[in-house]
Amino acid sequence: MAKVTFRTDECKGCGLCIDACPKGILKLSEETINKKGHHPAECADPDACVGCASCALMCPDCIITVEREVERMAEKVLMKGNEAIAEAAIMAGCRHYFGYPITPQTEIAAYMAKRMPKIGGTFLQAESEIAAINMVYGVSSAGKRVMTSSSSPGISLKGEGISYLAGTDLPAVIVNAQRGGPGLGGIQPSQSDYFQATRGGGHGDYHIIVLAPSSVQEMAELTIKAFELADEYLMPAMVLADGTTGQMMEPVSFDFEIKEPPAKPWATTGTKCQRPHNIANSLYLDPEKLECINNVRFARYEVIKDNEQRAEEYLTEDADIVVAAFGISARIAKNAVDAARAKGIKAGLIRPITLWPFPDKAFKKAAEHAKRFISVELSMGQMIEDVRLATECKVPVELCYRVGGMIPSPQQVLEAIEKAAKEVK
Amino acid sequence: MRYKRVTLIAGHYGSGKTNIAVNMALDLAKQKDNVAIADLDIINPYYRTLDSRAELEAAGVRLIVSPFANSNLDIPALPQEMYAVVDDLSLNCIIDVGGDDTGAVALGRLAPKLREEDDYDMYLIVNRFRPLTRTAKEVAEVRYEIEAACGLKFTGVINDSNLGADTTAETVLSSVQFGKDCAEATGLPLVATTVESSLMEELAGKVPDLFPMKLQKRPIDL
């Protein structure tokens with residue numbers, strides 16, 4: 001089902017849409033005269049509309065909106081994590097995607113390229129990552145849900161634009177399927193963009209919301225959550241995935257609630273001479289005003305830290321050894337924790353789902369009884385610093401890691417748990 | 001399963017081609033000598049036939065893979081040995097083609113000789129649980145895109161409908177009609193329905209032409 005609507009008051013009755021319609025169902029209204037004194041265009045047979053959007057593309061005043069209903073996948077499907085992100089974004093109402101191919105996230109762009117034209121959305125492969133993130137800035141300013149995605153080196157390029165989005169208080173979703181670094185690094189999975197993501201990533205004082213999925217199902221769910229949080233707190237939100245979660249195939253169900261996006265009175269949709277201009281801007285000529293804006297923004301960050309911490313706590317109540325791991329590392333660590341429990345070791349897992357805000361509360365609680373923390377990461381040790389901060393260094397924290405695109409085996413994590421268990425005895 | 005000299009495995013991205021190709025190569029090695037598997041996947045640098053190297057070599061299967069497969073070099077490289085497939089007529093070969101029409105382009109170089117020799121099967125792999133090929137109509141579109149890209153015609157359909165780790169006998173049974181629909185929509189015979197070995201007993205007799213498969217162990221599992 002498709003629906004065509006006209007902003008009737010702005011129509012000048014040129015009739016170009018009537019010529020463009022392949023179904024011949026548009027006409028100039030005979031009864032109505034609009035504010036401008038024209039007979040505006042209308043659809044004579046709404047049921048016959050096929051949603052081709054030829055009229056909207058032709059309209060010189062951009063007053064026609066064509067909406068196509070997107071069928072929701074009723075049963076479970078088998079998807080790559082990257083595909084699940086793309087489909088979830090579409091379900092969340094994202095109709096604009098701008099990106100540039102880079103392994104291991106290219107399936108997101110490929111999926112969007114196939115799906116967007118069919119549902120009346122826009123897929124655009126930009127000339128670079130920098131161009132893509134600035135297109136995101138534009139669409140976000142206009143009040144629409146928008147997404148871009150890349151992998152580590154490409155996210156560095158987007159850093160400038162992400163800072164601008166944060167400085168303008170604009171919502172947007174950015175996906176990073178991390179690969180090995182630094183530099184060009186490699187195409188295999190990594191988690192070494194933790195610092196970049198959780199500290200903001202670009203220049204200036206700011207944060208972005210960072211969500212870390214560890215399954216294909218969560219890739220979908222957290223993408224939708226990212227859109228919701230970005231709109232709620234008016235800031236960019238990042239889905240921090242990695243090569244493994246992006247590439248792995250798992251069954252995924254799209255059977256979940258999706259909230260309507262909130263109203264965006266700040267959007268630059270044209271004043272129509274009815275209101276003052278809305279301006280999307282991150283430049284402030286007055287230093288005092290810039291300081292004030294920064295203070296207000298950081299007060300908002302405190303609210304987010306209070307309200308939005310998310311973590312999965314697994315067997316932590318009585319745990320002596322608490323493993324901290326997110327994303328794919330957490331999948332591996334959970335298997336190791338189960339194996340340690342089978343050997344009689346009181347091991348548990350805290351899996352941060354929000355990396356910013358970091359789930360301090362879960363760690364503080366566990367630190368009351370834990371004798372040792374082990375941070376499992378695909379990096380030289382980045383999240384470990386937040387674990388130390390959250391636990392106020394009251395309990396020793398060790399690192400268990402692989403880098404270069406390698407992932408630790410459950411056996412390696414199990415050995416680290418066993419070694420720690422022996423030492424704390 | 002009966003094999004011609006060359007069996008080409010093609011289909012939609014993520015439909016399960018590599019897994020089927022590896023399992024077919026192992027199956028073929030039980031029937032014939034001088035078996036090779038050629039990896040012509042120029043689409044996906046992750047999850048290659050090379051992941052099953054130990055198993056294939058133990059079965060005496062020769063691997064024809066790009067020296068850059070599973071490395072960090074992210075380029076659509078083809079193995080220089082791939083011409084053995086059409087030049088060495090004593091070779092019994094399974095070819096793992098990359099996904100969609102873009103992946104099938106790599107076959108173009110081999111297509112004239114394969115057509116001339118006319119001793120090949122090309123199978124269209126379908127999985128009704130994949131998001132962009134859930135209907136026979138969508139499958140038929142992919143079929144023409146691939147044929148146009150590689151210059152070879154499909155000779156059969158293989159129903160590989162599965163939900164990964166969540167696959168049960170029910171999953172397979174619920175896809176039987178889809179397999180038939182795809183065969184009808186494409187005018188191709190339904191050659192086989194794949195099933196994970198452990199479900200073989202439960203489904204034997206209920207689904208015709210079952211092809212048992214062993215799935216790869218995931219590195220994240222203990």
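# Report on a predicted two-chain model

At 65% relative accessibility, Asp255(A) counts as exposed, since the cut-off for that class is over 50%. This residue belongs to a predicted model, and it is found in the loop of chain A that runs between strand 12 (249-252) and helix 10 (287-307). Asp255(A) and Met73(A) are 182 residues apart in sequence, yet their C-alpha atoms are 8.0 Å apart in space.

## The two chains

The table sets out overall values for each chain.

| Chain | Helices and strands | Extent of the C-alpha trace | Buried residues | Exposed area |
|---|---|---|---|---|
| Chain A | 14 helices and 18 strands | about 90 × 55 × 40 Å | 53% of 425 residues | about 18100 Å² |
| Chain B | nine helices and eight strands | about 45 × 40 × 35 Å | 55% of 222 residues | about 9600 Å² |

For chain A, a compact globule with 425 residues would have a radius of gyration near 22 Å; the chain has 25 Å, which agrees. For chain B, the corresponding figure for 222 residues is near 17 Å, and the value of 16 Å agrees with it.

Carbon and sulfur atoms supply 53% of the area that chain A exposes. In chain B, these atoms supply 52% of the exposed area.

Contacts between residues distant in sequence are counted for each chain as well. In chain A, residues 24 or more positions apart account for 76% of the contacts with a separation of 6 or more. In chain B, 73% of the contacts between residues at least 6 apart in sequence join residues at least 24 apart.

## Two buried residues of chain A in contact with chain B

Lys80(A) lies in strand 5 of chain A, which comprises residues 77-80. With a relative accessible area of 3%, Lys80(A) is buried, because buried means under 20%. Its side chain is joined to that of Tyr13(B) by a polar contact of 3.2 Å. Not counting residues up to four places away in sequence, Lys80(A) touches Glu107(A), Val216(A), Gly246(A), Gln247(A), Met248(A) and Met249(A) in chain A. From chain B, Lys80(A) touches Tyr13(B), Asn44(B) and Arg130(B).

Glu83(A) has its place in helix 3 of chain A, residues 81-91. Glu83(A) also counts as buried, at 5% relative accessibility. Leaving aside neighbours within four places in sequence, Glu83(A) is in contact with Glu107(A) and Tyr111(A) of chain A, and with Tyr13(B), Arg130(B) and Pro131(B) of chain B. Glu107(A), Tyr13(B) and Arg130(B) thus appear in the contacts of Lys80(A) and also in those of Glu83(A).

## Helix 6 of chain B

Helix 6 of chain B comprises 15 residues, 136-150. At 1.5 Å a residue, the helix should span 21 Å, and its end C-alpha atoms are 21 Å apart, which agrees.

The buried residues of helix 6 are Ala136(B), Val139(B), Ala140(B), Val142(B), Arg143(B), Ile146(B), Glu147(B) and Cys150(B). Seen down the axis, these buried residues fall within an arc of 160°, so they line one face of the helix. On the other side of helix 6, Lys137(B), Tyr144(B) and Ala148(B) are exposed.

What covers the buried residues of helix 6 includes strand 1 (6-11) and strand 5 (120-126) of chain B. The cover also includes helix 4 (100-104), helix 5 (111-117) and helix 8 (176-186) of that chain. Just after helix 6, Gly151(B) takes a positive phi of about 75°.

## Helix 8 of chain B

In helix 8 of chain B, Phe178(B), Gly179(B), Cys182(B), Ala183(B) and Thr186(B) are buried. They cover an arc of only 140° around the axis, which puts them on the same side of the helix.

The cover over the buried residues of helix 8 includes strand 5, strand 6 (156-159) and strand 7 (190-196), together with helix 6, in chain B. Helix 8 is in turn among the elements that cover the buried residues of helix 6. Just after helix 8, Gly187(B) takes a positive phi of about 70°.

Technical notes. Residues are numbered from 1 along each chain as its sequence is written. Chains are lettered from A and ligands numbered from 1 in the order in which they are written. This is a predicted model: local features need pLDDT of at least 70, side-chain atom pairs count only at pLDDT 80 or more; totals for chains, interfaces and linings use all residues. Side-chain values use heavy atoms; hydrogens and water are left out. Helices (H or I, at least four residues) and strands (E, at least two) are DSSP runs, numbered from the N terminus. The expected span of a helix is 1.5 Å times one less than its number of residues. Buried means under 20% relative accessible area, exposed over 50%, partly exposed in between (1.4 Å probe, protein chains only). The arc is that of the directions from the helix axis to the C-beta atoms. Contact means heavy atoms within 4.5 Å. A polar contact is a pair of N or O atoms within 3.5 Å; within protein, one must be able to donate a hydrogen and the other to accept it, and residues adjacent in sequence count only if both atoms are side-chain atoms. The radius of gyration is taken over C-alpha atoms; the globule rule is 2.2 Å times the number of residues to the power 0.38. Accessible areas come from the Shrake-Rupley method with a 1.4 Å probe; for residues, only the protein chains shown count as cover.
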